[in-house]
Amino acid sequence: MKRWTTPATLLLASMVLLACSGQRPVEQPQAPTAASATGPVQGGRLVYALSADANGFNPVTDQFAAQSYSMAGTIIEALVSVDANGDWKPYLAESLTPNKTYDEWTIKVRSGISFSDGMALTGDIVKANLEAQKVSPLTAAVFVPIKSFELADAMTVKVNLNQPWVAFPYYLTTQTGMIVPPASLSDPKAASLKPVGTGPFLFKEYVPDNRMVVTRNPRYWRQGLPYLDEIEFRILPDSQTRAQTLEAGGVDAIGTSRDEDLTKFGGRKDAYTVHRAQGMAVPEYMFLLNTAVAPLDDVRVRQAMAYATDRKTVISTLRGGLTELADGPWAPDSKWYAAGAYPDYNLAKATALVKEVEAEKGPIRFELISTPDPNTMQGVELAQDMWRKAGIEASIKQADQADLINRAITGNFAATVWTQFSAPDPDGEYIWMHQAYAKPVGAISLNMTRLKDAKLSAALDVGRTNPDEAARKQAYGTVQQRLRELVPYVFVDHLNTGAIVARTKVRGIGEHTLPDGERGLPLTGSPIPYHPFSQLWISQR
């Protein structure tokens with residue numbers, strides 16, 4: 001298993017899932033019927049295969065990727081969640097209330113909740129967790145706008161900010177809002193191996209690179225949950241092995257993004273169900289460009305790459321025509337989407353721009369980084385061929401995921417294949433695009449394109465600080481306009497190729513409800529999505 005090597009890389013990996021997708025999606029199969037009509041039943045054991053192990057289970061110190069949330073999320077819960085509409089909802093928190101200027105948020109902690117070690121959840125524990133996140137090398141960059149935390153009463157924490165922050169609760173839906181008991185804060189190494197939380201399951205066993213087992217928490221604060229008695233997360237890195245193990249009956253569910261898996265299991269609806277992330281949970285597939293290095297420091301080169309990229313051919317060739325064109329961070333069905341003039345495929349325009357640059361600076365050549373995954377390489381080679389037709393020479397360099405991310409954050413690259421932008425609120429993309437996070441080549445930069453644009457950054461600031469939704473929409477419209485003009489990313493399409501394949505007896509995937517009764521966000525993440533486990537159940541039919 002690959003391990004991340006720097007704090008910034010850990011933060012990046014917890015919020016960005018690298019593109020590994022060249023697969024052709026299949027139609028969503030029918031939802032579970034018949035047996036599900038009888039309703040959830042208690043009991044049963046689920047064996048669930050993951051593509052990788054976690055880096056640890058401590059949200060303050062360890063990188064959380066999809067597999068981390070799957071495993072640790074059964075034990076450790078967050079203050080806030082997200083509903084099916086993409087709106088934040090209190091979870092361990094009973095309420096979150098801003099002041100009139102949104103530079104102070106009051107978090108009321110839900111009463112009657114205890115950790116599995118017996119300690120009651122209180123305001124001072126929440127405060128200690130948030131303070132630990134603010135000083136952690138892993139997550140400190142996220143909490144830069146926070147000035148201090150204050151205990152207002154035994155169950156209330158006030159968050160004092162340096163500026164208004166309208167979307168602050170969304171940042172408490174991820175590992176920065178996950179709450180552990182004081183013992184975990186005082187002994188972070190132990191917490192990395194044996195997590196303790198308020199969640200529906202209890203830690204039972206962990207064998208690195210092999211399995212993690214959790215058992216039902218009989219004193220879970222959400223009455224009647226969870227349904228399952230036990231879950232075994234089995235680590236099976238090879239996608240073919242995962243599929244074969246599922247078919248052989250060795251596991252009950254797998255995550256996959258392979259075309260052949262989706263086709264095979266999707267065609268056997270009597271035995272399997274296929275669940276794919278949809279809508280706002282789907283990130284964009286793109287090429288990330290380093291605007292601080294030649295030749296990509298010239299906007300004409302970046303524009304030429306966009307004009308030379310035939311997105312429709314990519315979709316028809318690699319996706320079976322079932323994904324949508326992307327022209328920015330948000331899909332057309334998002335309320336934040338603003339239409340505009342993206343450099344659509346035009347080989348003549350691309351060639352003219354290339355010739356203009358060549359006359360001044362010589363041939364356009366650079367290195368394009370890709371993971372060695374065959375499906376990823378297929379898409380990278382297709383882009384290479386498209387750019388070559390316009391006169392751009394991109395040589396492909398393979399790197400494993402950890403090395404690729406390290407190169408991206410330190411600026412040791414020109415262009416790389418990438419997947420990003422699935423935050424439920426657009427402020428979730430602030431640190432990836434704002435010029436304050438663009439550092440020189442060689443320094444760790446969360447804004448990996450290193451684009452410094454005052455108009456784009458000012459619009460991001462408005463989106464972060466202005467509570468008026470119309471003003472925020474206008475601001476994010478400006479963001480999209482500047483991205484289309486300056487092309488720090490060559491957008492291709494909105495991915496929905498990752499899936500969870502399960503035996504039909506496994507019910508409840510993507511169907512969970514929140515404490516207020518609202519439906520939760522079904523699945524999120526890419527290339528393989530993840531979901532909560534508290535409301536999964538095993539049909540007896």
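This note covers the nonpolar cores and the salt bridges of a predicted model.

1. The largest nonpolar core has 102 residues. Those touching the most other members are L79, L121, L172, F287, M305, F366 and W387. Helix α8, residues 299-308, supplies the largest share of this core, with six residues. In soluble globular proteins, nonpolar side chains tend to be buried together.

2. F366 can serve as an entry point to this core. Leaving aside residues up to four places away in sequence, F366 touches P295, L296, M305, W387, I392, E393, A394, S395, A414 and A415. Among these contacts, M305 and W387 also appear in the list of residues that touch the most other core members.

3. A second core is separate and has 33 residues. Its members include Y48, V214, V506 and L536.

4. The model contains 27 salt bridges. Three pairs and one network are taken up below.

5. E360 and R300 form a salt bridge in which the closest N and O atoms are 2.9 Å apart. E360 belongs to helix α10 (residues 347-361) and R300 to helix α8, so the bridge ties together parts that are 60 residues apart in sequence. Are the two partners buried or exposed? E360 is exposed, at 53% relative accessibility, whereas R300 is buried, with a relative accessible area of 15%. Helix α8 thus recurs here: the helix that gives six residues to the largest core also carries R300.

6. E469 and K473 also meet through their side chains, with an N to O distance of 3.5 Å. Both lie in helix α15 (residues 469-486), and because they are four residues apart there, about one helical turn separates them. E469 is partly exposed, with a relative accessible area of 37%. K473 is partly exposed as well, at 34%.

7. R211 and E205 form a salt bridge at 2.8 Å, N to O. The relative accessible area of R211 is 25%, which makes R211 partly exposed. E205 is likewise partly exposed, with a value of 27%.

8. Salt bridges also link residues into a network, whose members are R45, K204, E230, E232 and R234.

9. For inspection of the model, three places cover the points above: the surroundings of F366 in the largest core, the bridge between E360 in helix α10 and R300 in helix α8, and the network that includes R45 and E230.

Conventions:
Residues are numbered from 1 along each chain as its sequence is written. This is a predicted model: local features need pLDDT of at least 70, side-chain atom pairs count only at pLDDT 80 or more; totals for chains, interfaces and linings use all residues. Side-chain values use heavy atoms; hydrogens and water are left out. A nonpolar core is a set of buried Ala, Val, Leu, Ile, Met, Phe, Trp, Tyr and Cys residues joined through side-chain atoms within 4.5 Å. Buried means under 20% relative accessible area, exposed over 50%, partly exposed in between (1.4 Å probe, protein chains only). Helices (H or I, at least four residues) and strands (E, at least two) are DSSP runs, numbered from the N terminus. Contact means heavy atoms within 4.5 Å. A salt bridge is a side-chain nitrogen of Lys or Arg within 4 Å of a carboxyl oxygen of Asp or Glu.
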